[in-house]
Amino acid sequence: MIKQIIKDADILEQPVSREPYTKEALAEVVQDLKDTATHAAKHPPGCLGLASNQIGHLRLPVIVVRLLDEWYVMINPVVTKAYGGKNWQREACLSFPGKNTKMQRNKRIRVNYVDEDGCTHPDAMFSGFKARVIQHEIDHLNGIHI
Ligand SMILES: [Zn+2]
């Protein structure tokens, strides 16, 4: 279902709680994220990723990232290692329309997450722009935004 994107900083600054979840609840969150991100991508400024708390799911930490038509669905993602130095780049956010902030990010990260099929990826490596988008979305789950 296409959800409204939350723009209230007070809500967005509360970390998503990591509670046990059912398969059905997870499927709903993932579908809502994909539907909302797909819808948002059709309109400027576009959409590269979305976190569950941006659409009102505050108890199940999930992010979706879509780059070059490839979806990444990450449940409970945690950055376990950052390396390769850092760089600065401007970022926008659907929750803060018009805002464009220079953010410092790690160039390479390793992430522990569960995918939508329930498979654990204990040590997935991402770099460059993909790593930047993933860090932006994981920040959201921790109550951090641009
Ligand atoms: Zn954002």
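Two strands are taken to pair if DSSP finds at least two bridges between them, and helices (H or I, at least four residues) and strands (E, at least two) are DSSP runs, numbered from the N terminus. The structure described here is a predicted model, in which local features need pLDDT of at least 70 and side-chain atom pairs count only at pLDDT 80 or more, whereas totals for chains, interfaces and linings use all residues. Residues are numbered from 1 along each chain as its sequence is written.

The protein chain contains three helices and five strands, and from the N terminus on these elements follow the order α-α-β-β-β-β-β-α. The radius of gyration of the protein chain (taken over C-alpha atoms) is 14 Å, close to the 15 Å that the globule rule (2.2 Å times the number of residues to the power 0.38) gives for 146 residues, so the chain is as compact as a globular protein of that length. Along its principal axes the C-alpha trace spans about 40 × 35 × 30 Å. Of the 146 residues, 32% count as buried, a residue being buried if 20 or more other C-beta atoms, placed from the backbone, lie within 10 Å of its own, exposed if 12 or fewer do, and partly exposed in between. Two residues are in contact if their C-beta atoms, placed from the backbone, lie within 7 Å; among contacts between residues at least 6 apart in sequence, 62% join residues at least 24 apart.

The five strands form an open sheet in the order β1-β2-β3-β4-β5, with antiparallel pairing. The edge strands of this sheet are β1 and β5, each of which pairs on one side only. Neighbouring strands are turned by 35° against each other on average, direction ignored, where axes are lines fitted to C-alpha atoms, for helices over the stretch in contact, and angles run from 0 to 180 degrees between N-to-C directions. Helix α2 packs on the sheet, where it touches β1, β2 and β3, and its direction makes about 35° with that of β2.

Strand β2 is joined to antiparallel β1 by three bridges and to antiparallel β3 by six. Across the β1-β2 pairing, Leu50 stands opposite Val64 and Ala51 has Ile63 as its bridge partner, while on the β3 side Ile63 stands opposite Met74. The hairpin of β2 and β3 has two residues between the strands, and Leu68 takes a positive phi near 55° there. Five of the six residues of β2 are buried, so this strand is largely enclosed by the rest of the structure. Leaving aside neighbours within four places in sequence, Val64 is in contact with Leu33, Lys34, Ala37, Gly49, Leu50, Trp71, Tyr72 and Val73.

In helix α2, which holds Val29, this valine counts as buried because it has 23 C-beta neighbours inside 10 Å. Apart from neighbours within four places in sequence, Val29 is in contact with Ser52, His57, Leu60 and Val62. The C-alpha atoms of Val29 and Val62, although 33 residues apart along the chain, are separated by 7.6 Å.

Helix α3 lies across β1, β2, β3, β4 and β5, running at about 85° to β4. At 1.5 Å a residue, its 14 residues (128-141) should span 20 Å, and the end C-alpha atoms are 21 Å apart, which agrees; the expected span is 1.5 Å times one less than the number of residues. Of these 14 residues 10 are buried, so α3 is largely enclosed by the rest of the structure. The buried residues, among them Ala131, Val133, Ile134, Ile138 and Leu141, pack against α1 (9-12) as well as β1, β2, β3, β4 and β5. The helix is followed by Gly143, whose phi is positive, near 80°.

The largest nonpolar core (a set of buried Ala, Val, Leu, Ile, Met, Phe, Trp, Tyr and Cys residues joined through C-beta atoms within 7 Å) has 27 residues, of which Leu33, Val62, Ile63, Val64, Val65, Met74 and Ile134 touch the most other members. Two or more residues are given to this core by each of α2, β1, β2, β3, β4 and α3, and α3 gives the most, with five residues.
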